[in-house]
Amino acid sequence: MGYGPNMAEDGTMTLYEALGGEDAIRRICDRFYDFMEDLPEAKDVLALHPKDLTESRNKFYWFLVGWMGGPQLFVERFGHPRLRARHLPFKIDSRARDQWMLCMNKALEIEIPDENVREQLLAAFARLADHMRNTADSP
């Protein structure tokens, strides 16, 4: 089975559809932020967020639904995601990227049983997380 942005045009299924839609993506987002809150190894990336993660959880969920081929929930509320621009106020270095990826990897290990889909998502998230870096690493 292939995954693409538009099943009708090329015969592939979107990740949104393959994962089971909004409920599955909500579980990924919640699990991701649960790990961020619980893992001591994620303390630096957690510190970049507000104390109450409710809004962060929701915005990430809305973004991921659209990013995976579902309804454009984030765009409907806030316009184009402009991810890099929205993250510029936060110092994101390789350490923050790696902590973010640790949480995502753990969330996907639990929520995505299909190893092929999980690996595709991890590769896409790794590219996205690396693109968010905006601060040189400390020596």
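# Notebook: aromatic pairs, salt bridges and the core

I began with F78, which at 34% relative accessibility counts as partly exposed. The model is a predicted one, and I keep that in mind for every entry below.

**Entry on F78 and its partners.** I looked up which ring F78 pairs with and found F74, the two ring centres lying 4.9 Å apart with the planes at 45°, so I noted the pair as tilted. Both residues belong to helix α6 (residues 73-78), where they sit four residues apart, about one turn of the helix. F74 has 8% relative accessibility and therefore counts as buried, whereas F78 is partly exposed. I then checked for charges over the ring and found K59 over the face of F78, 5.0 Å from the ring centre. A second case of this kind is R77, which lies over the face of W62 at 4.1 Å from the ring centre.

**Entry on K59.** Having met K59 over a ring, I asked which acidic side chain it meets in a salt bridge. The partner is E55, with an N to O distance of 3.0 Å. E55 and K59 are both in helix α5, four residues apart, which is about one turn of the helix. K59 has a relative accessibility of 30% and so counts as partly exposed, the cut-off for buried being under 20%.

**Entry on the aromatic pairs.** I counted 10 aromatic pairs in the structure. One of them joins F60 and W100 edge-to-face, at 5.9 Å centre to centre and with 80° between the planes. This pair links distant parts of the chain, since F60 is in helix α5 (residues 54-67) and W100 in helix α8 (residues 94-111), 40 residues apart. Are F60 and W100 buried or exposed? F60 counts as buried at 10% relative accessibility, and W100 is likewise buried, with a relative accessible area of 17%. Both residues also appear in one aromatic cluster, formed by F32, Y33, F60, F63, W67, W100 and F125.

**Entry on helix α5.** I compared the length of α5 with expectation: at 1.5 Å a residue its 14 residues should span 20 Å, and the end C-alpha atoms are indeed 20 Å apart, so the two agree. The buried residues of this helix are S56, R57, F60, Y61, W62, F63, L64, V65 and G66. I then looked for what covers these residues, and the list includes α2 (15-19), α3 (22-38), α6, α7 (83-87), α8 and α9 (115-131). After α5 comes G69, whose phi is positive, near 105°.

**Entry on the nonpolar core.** The largest nonpolar core holds 37 residues, and the members that touch the most others are F32, M68, W100, L121 and F125. Helices α2, α3, α5, α6, α8 and α9 each give two or more residues to this core, and the largest share, eight residues, comes from α3. I followed F125 further and, leaving aside residues up to four places away in sequence, found that F125 touches L64, W67, M68, W100, M101, M104 and L108.

**Entry on the salt bridges.** Side chains of opposite charge can pair when their charged atoms come close. My count for the structure came to 11 salt bridges. Among them is the one between D44 and R95, with the closest N and O atoms 2.4 Å apart. D44 lies in helix α4 (residues 43-47) and R95 in helix α8, so this pair ties together parts that are 51 residues apart in sequence. D44 itself is partly exposed, at a relative accessible area of 29%. I also noted R133 with D130, where the closest N and O atoms are 2.7 Å apart; R133 is partly exposed at 28%, and so is D130 at 31%. Beyond such pairs, R26, D30, D34, E37 and R57 are linked in a network of salt bridges, and R57 is listed among the buried residues of α5.

**Entry on R82.** Last, I looked at backbone angles. Most residues other than glycine have a negative phi. R82 is not a glycine, yet its phi is positive, near 40°. R82 is placed in the loop between α6 and α7, and at 46% relative accessibility it counts as partly exposed.

Key
Residues are numbered from 1 along each chain as its sequence is written. This is a predicted model: local features need pLDDT of at least 70, side-chain atom pairs count only at pLDDT 80 or more; totals for chains, interfaces and linings use all residues. Side-chain values use heavy atoms; hydrogens and water are left out. Rings of Phe, Tyr and Trp (its six-membered ring) pair if their centres lie within 6.5 Å; planes under 30 degrees apart count as stacked, over 60 as edge-to-face and the rest as tilted. Buried means under 20% relative accessible area, exposed over 50%, partly exposed in between (1.4 Å probe, protein chains only). A charge sits over a ring if NZ of Lys or CZ of Arg is within 6 Å of the ring centre and within 35 degrees of the ring normal. A salt bridge is a side-chain nitrogen of Lys or Arg within 4 Å of a carboxyl oxygen of Asp or Glu. The expected span of a helix is 1.5 Å times one less than its number of residues. Contact means heavy atoms within 4.5 Å. A nonpolar core is a set of buried Ala, Val, Leu, Ile, Met, Phe, Trp, Tyr and Cys residues joined through side-chain atoms within 4.5 Å.
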